[in-house]
Amino acid sequence: SVHVIGLMGNNSARFLAQLTLRPLSSPPPKMQSDDVIWSVINHQFCSYKVKTTTQNFCRNEYNVTGLCNRASCPLANSRYATVREKEGVLYLCVKTIERAHSPANMWERIKLSNNYAKALEQIDQELQHWPNFTIHKCKQRVTKITQYLIKMRRLKLRQEPKLIGVKKKLDRREATRERKALSAAHLERSIEKELIERLKSKSYGDAPLNVNESVWQAILDREKAGKEKDTEEDLDLMDDETDEEDEDELEEEMEDFGDNEFVSDFSDEDDDEDEESDEESNAVRRGVLSLRLRTDLPFFALQTSDEESSEEESDAAETKLGKRRPKAGPSKKRVEKKPRSKFSIPFSIHTVLT
Amino acid sequence: MPPTRFEPSQIKNKHKREQILQKIRKVKTQAKLQKRLALAKAEANDPEAKKKRLAENVPRTLDNMREFDPSIMTADPSSSNQAEGSTSAEAIQNEQAADISTDPFASYFTTDDPSIPPKVLITTSFKASKTTYEFCDELVGIFPGAEFRRRKKGKGFEMGRIAGWAADRGYKHLMVVNEDMKKPNAITLVYLPNGPTAYFKLTSVELTQQIFGHARATPHYPELILNGFVTRLGHCVGRMFQTTFPPLPEFAGRQVVTLHNQRDFIFFRRHRYAFRSEEKVSLQEIGPRFTLKLRWIKKNIPAVYNLGESPAALTIEKDDEEDAPVEESENKEEASEEQPTRKKTIPPKQDEYLWQWKSELETTRRTFFL
């Protein structure tokens, strides 16, 4: 090819001269198929190639850098080395031309030491006369892998917040159900009903702080009118009333709260046992605790009016509680009288302090 | 010729077909309307008839067609349906007695001074955002004994450990507002010191500012309304909320906090009320509104997995039983004298779930758990 140089210009002569000199990084003369492979991979199709707007990546597991380059491609280089990690152990994987014909035995795995410094030395030893690019990249990979293994070990010891998947279908379903439940709840109505019941059943005591004078008077008047009606019907009731007003104990019986239902069946039963010892505080506590847990019992048909339901519940409460304690008076009369007589212990501050 | 019916759907011309159908529809709706008006007129004079009609035509809703749950608490359990003979009155009373003795909320109902509000510690998940902090501000306003602290990150700041510290410092509750995608999405309510932990999904949060015509909250202790907690589990949850508020409300403040359970959704509302007459009360909404849905309940405070903990040192058991207790008691006395009165609440190593929501539990539309 000497006569060719004479015909061409200076630049082309320089180019041809460089070709003959052959730097170390170029592929050995026998495997010029490396170039062929690369030209195919690069220009036509490579299944490991991932293209992005700025860069190309290589998804091949044996790639040192992860980028799609001429020097990084494990397919287009017959002499190649990587570092891979399996179950926390680092291996130096080396590929040489001699084994290129048998893919099953192509990669030689050399186990690297657990000691970071020793691993680097090992790489230097094994890849002694290899190009600097390969050695450098393998060492970088060793560093990165050891770093992430350290981090994984630390994370295992910590308690990380548990990640839960977002279930779109579930969220959508529950949102609809919530909407329907809200419209079925009739919140304001139920709150108003509850408050009116508490007012009427005297849960706020004798002189409640949360009511208008006129409204409270109206309620008391209505109650008096109710009582007078009762007294007209049955004179015996009067005696019962006076008896009750004298005896504090009766007022603390559960039957007083026939219109209310109890929250904490359990703690209230505790209170009942200590009743005789500490009447006042118990009454306060009981009055305080007369939060009504409304139980929309499905087994009762829909009530047409609240009064009936409360009567039924009071009946139920009385029949249950009657087992535990002897009643002071006949149950019928108690049921007829709706608004109970007042507590002897109103909700004023001075009683709480005592 | 006998009259044959010519179906409007057989008309091929769309415009004509539509016309005819509209006419038919109009006639039908008019007939229905006239019927309803006539009925309304008749019932205006006769309320008894209306009552009768309503009583006969009770609509079936999910709430009154609810699936039977044996854990529904009724006033008189012996009268309810008994599938087997095992649930006798005695057995029920034994159960109730057992419940009373193992009641985790007993301390709330036996306090000396019911006007002290229970202390609640409110915090968030790590690295919360502005919306969550705003919501926590509102929460601090709701609970009279509430305090807010920012959550720190790291190994020693797990929820179980924080619960332990809070319990030692006299807090009664720990409330952790969890955040996802810059929005609060869950609340974990821990009853201290040993109490159950409940995790609720939080939805439909509307802050005070967003509510049109909202009232202003005052520092009075609110009244409490707990509606719709029917089953045993519901009772537990209802009482858990009850314990976050002071036992003795200040009625002068006329504020009421409602936790209404409907179909397993707990709606939180806060109102200011005024009695206008015997039968009427007007409500003005204060404060935030949100909805909670129970996801699970654990028995104790949240666990702290101490992974990487070195195993306990080996101890050799002594053979002589007489000497050992004497020595131990001596050691204990010395130790108790040295230590101050601060206890150390240690979170458990493992979680124990009392109840967990699973989609397969909802076999029908009518199954509810609270």
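Start with the largest pocket, which holds about 2300 Å³ of space. Keep in mind as you click around that this is a predicted model.

**The pocket**

To get to the middle of it, select A:Lys162, A:Ile164, B:Asn178, B:Asn185 and B:Tyr199: of the 50 lining residues, these lie nearest the centre. Next, colour the elements that give two or more residues to the lining. From chain A that is helix H6 (168–185). From chain B, pick helix H6 (159–168) and the strands S3 (173–180), S4 (183–191), S5 (197–206), S9 (281–298) and S10 (353–356). Which of them gives the largest share of the lining? Go to S5(B), which supplies six residues. If you colour the lining by residue type, you should get 21 nonpolar, 11 polar and 18 charged residues.

**Along chain B**

Stay with S4 and S5 of chain B and select the loop between them, where B:Pro193 is found. The peptide bond joining B:Leu192 and B:Pro193 is cis, with omega at about -5°. Now move to the loop between strand S1 (120–124) and H5 of chain B and pick out B:Lys127. B:Lys127 is not a glycine, yet its phi is positive, at about 60°. For context on both stops, most residues other than glycine have a negative phi, and most peptide bonds are trans.

Carry on into helix H5 (residues 130–142) of chain B and show the side chain of B:Phe135, along with B:Phe290 in strand S9 of chain B. Over all chains the structure holds 16 aromatic pairs, and here is one of them. The ring centres of B:Phe135 and B:Phe290 are 5.4 Å apart and the planes sit at 85°, so this pair counts as edge-to-face. The two residues lie in parts 155 residues apart in sequence, so the pair ties those parts together.

**Over to the chain A sheet**

Now select strands S3, S4 and S5 of chain A, which form an open, antiparallel sheet in the order S3-S4-S5. The edges are S3 (80–86) and S5 (107–111), each of which pairs on one side only. Neighbouring strands are turned by 30° against each other on average, direction ignored.

How many bridges join S3(A) to S4(A)? Count seven, with the two strands running antiparallel. To see one of the bridges, show A:Val83 and its partner in S4(A), A:Leu92. Then follow the chain round the hairpin that S3(A) and S4(A) form, with two residues between the strands. A:Glu87, in that turn, has a positive phi of about 55°.

On the other pairing, five bridges join S4 (residues 89–95) of chain A to S5(A), again antiparallel. Here A:Cys93 stands opposite A:Arg109 in S5(A).

Finish by adding helix H5 (residues 132–157) of chain A, which packs on this sheet and touches S3 and S4 of chain A. Look along S3(A) as you do: the helix direction makes about 10° with that of the strand.

Conventions. Residues numbered from 1 in each chain as written. Chains lettered and ligands numbered in written order. Predicted model: local features only at pLDDT ≥ 70, side-chain atom pairs only at ≥ 80, totals over all residues. Heavy atoms only, no water. Pairing = 2+ DSSP bridges. Helix = DSSP H or I, 4+ residues; strand = E, 2+ residues; numbered from the N terminus. Axes fitted to C-alpha atoms, helices over the stretch in contact; angles between N-to-C directions. Contact = heavy atoms within 4.5 Å. 1 Å grid on protein atoms, 1.4 Å probe; cavity = no way out; pocket = protein on both sides within 12 Å on 5 of 7 lines; lining within 4 Å. Points joined across faces, edges and corners; volume = space filled by probe spheres on them. Nonpolar A, V, L, I, M, F, W, Y, C, P; charged D, E, K, R; others polar. Phe/Tyr/Trp six-rings, centres within 6.5 Å; stacked < 30°, edge-to-face > 60°.
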